[in-house]
Amino acid sequence: MKTDVDVRFWPNVDGKGFLGHGRIALLENIEATGSISAAARATRMSYQAPRPAR
């Protein structure tokens, strides 16, 4: 007998979402591609590189 548990959870810190399914997918794609912008494209998320400080 094989038993699997597949659970999604969304922890909140100070009433704000901290880590959900989309963010987990983004982190996995960053690890796979080695690039934040490539990972964002793969997960169809918007990403804008931070601007340098003045």
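Student: How large a share of the 54 residues in the protein chain do buried residues make up?

Tutor: Burial is judged from relative accessible area, and a residue counts as buried when that value is under 20%. In this predicted model, buried residues account for 7% of the 54 residues in the protein chain.

Student: Is A40 buried or exposed?

Tutor: A40 is buried, because its relative accessible area is 3%, a value under 20%. Its place is in helix α2. As for its position relative to E28, the two residues are 12 apart in sequence, and their C-alpha atoms lie 11 Å apart in space.

Student: How does A25 count at 22% relative accessibility?

Tutor: Values between the cut-offs of 20% and 50% are assigned to the class in between. A25 therefore counts as partly exposed, with its relative accessibility of 22%. This residue belongs to helix α1. The C-alpha atoms of A25 and A42 are 9.4 Å apart, with their positions 17 residues apart along the chain.

Student: Which residues illustrate the exposed class?

Tutor: A residue is exposed when its relative accessible area is over 50%. Among the examples is M1, exposed because its relative accessible area is 99%, in the segment before β1 (12–13). D4 is found in the segment before β1 as well, and its relative accessibility of 62% is why D4 counts as exposed.

Student: How far are M1 and D4 from residues later in the sequence?

Tutor: A C-alpha distance may be set beside the separation in sequence. M1 and I24 are 23 residues apart in sequence, with 29 Å between their C-alpha atoms. For D4 and A32, 28 residues apart along the chain, the C-alpha separation is 25 Å.

Student: In what order do the elements of the protein chain run from the N terminus on?

Tutor: The order is β-β-α-α, with 2 helices and 2 strands in the protein chain. The radius of gyration is 15 Å, well over the 10 Å that the globule rule gives for 54 residues, so the protein chain is more spread out than a compact globule. Along the principal axes, its C-alpha atoms fill a box of roughly 60 × 30 × 15 Å.

Student: What span should the 13 residues of helix α1 have, at 1.5 Å a residue?

Tutor: The expected span of a helix is 1.5 Å times one less than its number of residues. Helix α1 (residues 21–33) should therefore span 18 Å, and its end C-alpha atoms are 18 Å apart, in agreement with that expectation. After α1 comes G34, whose phi is positive, near 75°.

Student: Which residue other than glycine has a positive phi near 60°?

Tutor: That residue is R44. R44 lies in the segment after α2, and it counts as exposed because its relative accessibility is 81%.

Student: How much surface does the protein chain expose, and how far apart are the mean positions of its charges?

Tutor: The surface may be described by its area and by the atoms that supply it. The protein chain exposes about 5,300 Å², of which carbon and sulfur atoms supply 53%. The charges may be summarised by their mean positions: those of the 8 positive and 5 negative charges are 15 Å apart.

Student: Which elements have the lowest and the highest mean pLDDT?

Tutor: The predictor's confidence can be read for the chain and for each element. The mean pLDDT of the protein chain is 80, and 91% of its residues reach 70 or more. Among the elements, strand β2 (residues 16–17) has the lowest mean pLDDT, 72, and helix α2 (residues 36–42) has the highest, 87. Helix α2 is also the place of A40, the buried residue discussed above.

Technical notes:
Residues are numbered from 1 along each chain as its sequence is written. This is a predicted model: local features need pLDDT of at least 70, side-chain atom pairs count only at pLDDT 80 or more; totals for chains, interfaces and linings use all residues. Side-chain values use heavy atoms; hydrogens and water are left out. Helices (H or I, at least four residues) and strands (E, at least two) are DSSP runs, numbered from the N terminus. Buried means under 20% relative accessible area, exposed over 50%, partly exposed in between (1.4 Å probe, protein chains only). The radius of gyration is taken over C-alpha atoms; the globule rule is 2.2 Å times the number of residues to the power 0.38. Accessible areas come from the Shrake-Rupley method with a 1.4 Å probe; for residues, only the protein chains shown count as cover. Lys and Arg count as positive and Asp and Glu as negative; His and the chain ends are not counted. The place of a charge is taken as NZ of Lys, CZ of Arg, CG of Asp or CD of Glu. pLDDT is the predictor's confidence in each residue, from 0 to 100.
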